[in-house]
Amino acid sequence: MRRIRPAVVITVLALALTSACSPASSGAAGVPDAGQPVSGGSLTWAVETEPITFNPHQYAQAKARLLVWNTFEALLTHDGQGGYVPWLATGYDVSSDGKTYTFKLRTDVTFSDGEKFDAAAVKANIDQFLVEGYNPGVLAVQLRYLDKVEVVDPATVAFHLKQPDVLLLDFLSTPQGAQISPKSLKEAKNLKAGGPELAGTGPFVLDRYTAGQEVHFVRNPRYNWAPSTAKHQGPAYLDDITYRFLKESSVRVGALTSGQVQIVEGVPATDEALITANPQLTLSRGLNSGSAYSYYLNSANAPFDDLRVRQAFREAVDVDAVLDGVYRGTATRAWSVIGPTSPFYDKSLEKTYGGDAAEANRLLDEAGWTARDAEGFRVKDGRRLTVRLVQSAPFVRDRRDVLAQAVQAAVKQSAGIDLNVALVDQGTATQALADGAYEVFDNSRADTDAGAALGLLLHSGGAINRIGVKDPALDTAIEQGQASGDQAKRTEAYRQVQKFVITDQALVLPLYAPADQLAASVKVGGAGFEPTAGVPGSAYDIWLGK
Amino acid sequence: MTIALPRPESRRLTLRRPRPGIAAALIVLALVGTAVAWPALFAGDPLAADPLHVLQAPSAAHWFGTDQLGRDVFGRVVHGARHSLSIGVAATVIAVGAGILLGLLAGLTHRYADEALSRGFDALAAFPLVLLALLFIAIAGTGTTSLIVAIGIATLPHYARVVRAQTLVVRQAPYVTHAVAFGASRTRLVLRHVLPNVLGPIPVLAMIGLGEAVLIAAGLSFLGLGPQPPSPEWGAMLSEGRGYLHIAWWASVLPGAAVTATVISLTVIGRHLQGRFEGRHQ
């Protein structure tokens, strides 16, 4: 019976001790840097999130965006001021009624499978969205007013809308608006999952994907159509690049400090000191655009069908203290559903709610949750005050699971609310959402135009309206924001949206503005963040110093 | 290795000075036992978070420091003893109970049923324990109950095989044949004459098996398949703390040390009992 195996524990302990004691690399005399851009070399990049799909039309994870632009490109991109810059298009015109957008296209672009990029290809991509079940979310929001796409000539394509919609331009600059070779669209066996069989026009070609481990890209030698926002023209510097999926932040940071990878994204606040203390490494941060990471409170289910309980939940959390504990002062607190970098952000919401435990308890008493059970949770009619949060593992980033536990402890301690957190696989989470078996839905979106996020999350027809909100006035405000090209009108419309969900209805508990971190060896040059979106950029401008 | 048949002299109590290893193991088990029975004696609320004091090093106020949510690691380790131990004990009880039943059944029924049951035990035993438990959890879902049942099923063949082997020996023993000759009923035969005499090695086996069960439970919890956060379970604490190893070793190393100390102690005692049972320490 010699079958005792303390090996598991001993291995873990040994790992613990060795990694705790591993020395930071010695400070060399004269810190080297990447020098001037040079061609050649292989880069290994550790990323936190494995994409659930490589088809850009199906793009859903902000953390996967840095992979999309290696292989695929869109008609437009953003400059640093939030404006649009031509990419695969050379320019566009809007008709005076705002209902027709005409794009002139580059004529020198080919897909990596040899197909030519032209107006017919653009039409094929948009038509793909009209296939039932392909991507209902995009169809319901970004393309909801699309009438048809017309091929005027090979270098000209016109989008006809049923009514004015400014989100069309944003859509054509997002991963979902990226252009896939029409041949791939027709022939790919597993179109929705994507992978090596989907050809794009980008500076790299995806040639190998090992699920759970890594994805590998090689340079596209014919590439010569970078947008003006890129730092160079012509083919990419790197010969090839491997992205390794390392979910554990300590493993990513360890891989960087030990030299197994040259660059990592997603550095938790607790590990930042390890990077900054090492002269061989650099650290940079970018604040994302789009919607803030928030808890959306499901008003379709009890007990959140009661406004007072929603308000109490929000008052029960001291968000600043929780963020300080989990992110050690590196997180930017969010006060609205829209991120603080967006032009539509309503600053007047700041410090208008939250963190008042006495108020939370008063509201709950008033709502009838007066009794307490043995564990200290509030009870009404024999039912515990329980709310459920279901987190889907592929979407958990920035230690949001730890943050959930901190909020869980906070609402229990200050108001006796039982926040039940379950971290599950995507299938289970999808099922829970479909069954309405949740009261808290967590989400952040890195849309460059926050309006897209609001339409998806809060419009009564939004694809991820998970909180049962159906309000005609709210719908109208969201639609107005989407219809007008006038910034002042849009700001006013979105101010009303924010007032409704934050101040009036307490449907949202905003937590923090998502940010990305890049830590790299000093040998890596040209790594940075996408303008406006604030997420790590593609590998196009990156070089490896000798 | 095989379990030798009980020798009469091994049951005799002998007065000897306990060896230091045994003494240390007993002390550890006594502490763990007290923590299981009465955790409040040592520590306060294991779930009380304090976001202003996260990842603090061990100090007089927090003997084992605080974790990523500012919870007292010592308090969590103490309260975790109940979670981790009760999973191990419950799983072992299931395994022993089912093992005795199935072992007896295999040993007493006719040849074909015995063959079928024995090959079943072989098949179960051929899988690594953790894999078998994972398989069960994949079907039954995560949570404390399914973790207990999973480990119970995975460790059942140990006991069943021993009971079957003992039964085969005992059923040939003269006192059984005599009882048959005296016309004892089948039930009486099994309960009065067979069962008491096949159980000899089981307590020793169970002691060693308990250590193993605790270890597997901690391992599976480490993978997130056991009690869900914020429950203070040793394996889960190890898992939660590992993201902070660079800056706060205490949040994961100390729960790990608790698992290690408990499992080693259980094993040392189990081995000692096994030695005495086989008469090796005479």
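In which helix of chain B is B:Leu101 found? B:Leu101 belongs to helix H2 of chain B. The structure described in this report is a predicted model.

## Leucine residues of chain B

B:Leu101 is partly exposed, because 14 other C-beta atoms lie within 10 Å. In sequence B:Leu101 is 94 residues away from B:Leu195, yet in space the two are 9.9 Å apart, C-alpha to C-alpha.

A second leucine of this chain, B:Leu55, lies in the loop between helix H1 (20-37) and helix H2 (73-108) of chain B. B:Leu55 is not a glycine, but its phi is positive, at about 50°. The residue has 20 C-beta neighbours inside 10 Å and therefore counts as buried, the cut-off being 20 or more.

## Helices of chain B

Helix H5 of chain B comprises 27 residues, numbered 144-170. At 1.5 Å a residue, a span of 39 Å is to be expected, and the end C-alpha atoms are 38 Å apart, so the two values agree. H5(B) nevertheless contains a kink of about 40° at B:Thr155. The proline B:Pro157 follows shortly after the kink. As for its surroundings, H5(B) is mostly covered, with 19 of its 27 residues buried.

Two packed helices are described by the angle between their axes and the distance between the axes. For helix H6 (residues 174-181) and helix H7 (residues 186-198) of chain B, the axes come within 10 Å and cross at roughly 155°. H6(B) is therefore roughly antiparallel to H7(B), as angles over 145 degrees are assigned to that class. The crossing of H6(B) and H7(B) is right-handed.

## Strand pairing around S10 of chain A

Strands of a sheet pair through backbone hydrogen bonds, either parallel or antiparallel. Both senses occur at strand S10 (residues 240-245) of chain A, which is parallel to S1(A) and antiparallel to S9(A).

Strand S1 (residues 42-47) of chain A is joined to S10(A) by six bridges. Within this pairing, A:Ser42 has A:Asp240 of S10(A) as its bridge partner. Between strand S9 (residues 214-219) of chain A and S10(A) there are five bridges. Here A:Val215 is placed opposite A:Tyr243 of S10(A).

## Open sheets of chain A

An open sheet of four strands in chain A has the order S4-S5-S7-S6, with antiparallel pairing. Strand S4 (89-94) and strand S6 (146-153) of chain A form the edges; each has a single partner strand, so one side of each lacks a neighbour in the sheet. Direction ignored, neighbouring strands of this sheet are turned by 20° against each other on average. S6(A) runs antiparallel to strand S7 (residues 156-161) of chain A, and six bridges join the two. In S7(A), A:Phe159 stands opposite A:Val149.

Another open sheet in chain A consists of three strands, in the order S15-S16-S17, and its pairing is also antiparallel. Its edges are strand S15 (371-372) and strand S17 (383-384) of chain A, each of which pairs on one side only. Two bridges connect strand S16 (residues 378-380) of chain A with S17(A) in the antiparallel sense. The residue opposite A:Val379 is A:Arg384 in S17(A).

## Backbone exceptions in loops

Most residues other than glycine have a negative phi, and most peptide bonds are trans. Where does A:Arg399, with its positive phi, lie? A:Arg399 is located in the loop between strand S18 (386-392) and helix H12 (400-415) of chain A. Its phi is about 55°, although the residue is not a glycine. A:Arg399 counts as buried because it has 20 C-beta neighbours inside 10 Å.

A cis peptide bond is found between A:Ala302 and A:Pro303, with omega about 0°. A:Pro303 is situated in the loop between strand S13 (293-297) and helix H9 (307-316) of chain A. In chain B, the peptide bond from B:Pro229 to B:Pro230 is cis, with omega near 5°. B:Pro230 occupies a place in the loop between helix H8 (202-222) and helix H9 (234-241) of chain B.

Technical notes
Residues are numbered from 1 along each chain as its sequence is written. Chains are lettered from A and ligands numbered from 1 in the order in which they are written. This is a predicted model: local features need pLDDT of at least 70, side-chain atom pairs count only at pLDDT 80 or more; totals for chains, interfaces and linings use all residues. The expected span of a helix is 1.5 Å times one less than its number of residues. The bend at a residue is the angle between axes fitted to the seven residues ending there and the seven starting there. A residue is buried if 20 or more other C-beta atoms lie within 10 Å of its own, exposed if 12 or fewer, and partly exposed in between; C-beta atoms are placed from the backbone. Two strands pair if DSSP finds at least two bridges between them. Axes are lines fitted to C-alpha atoms, for helices over the stretch in contact, and angles run from 0 to 180 degrees between N-to-C directions. Angles under 35 degrees count as roughly parallel, over 145 as roughly antiparallel, 65 to 115 as roughly perpendicular and the rest as oblique. A crossing is left-handed if the near helix is turned anticlockwise from the far one by less than a right angle, and right-handed if clockwise.
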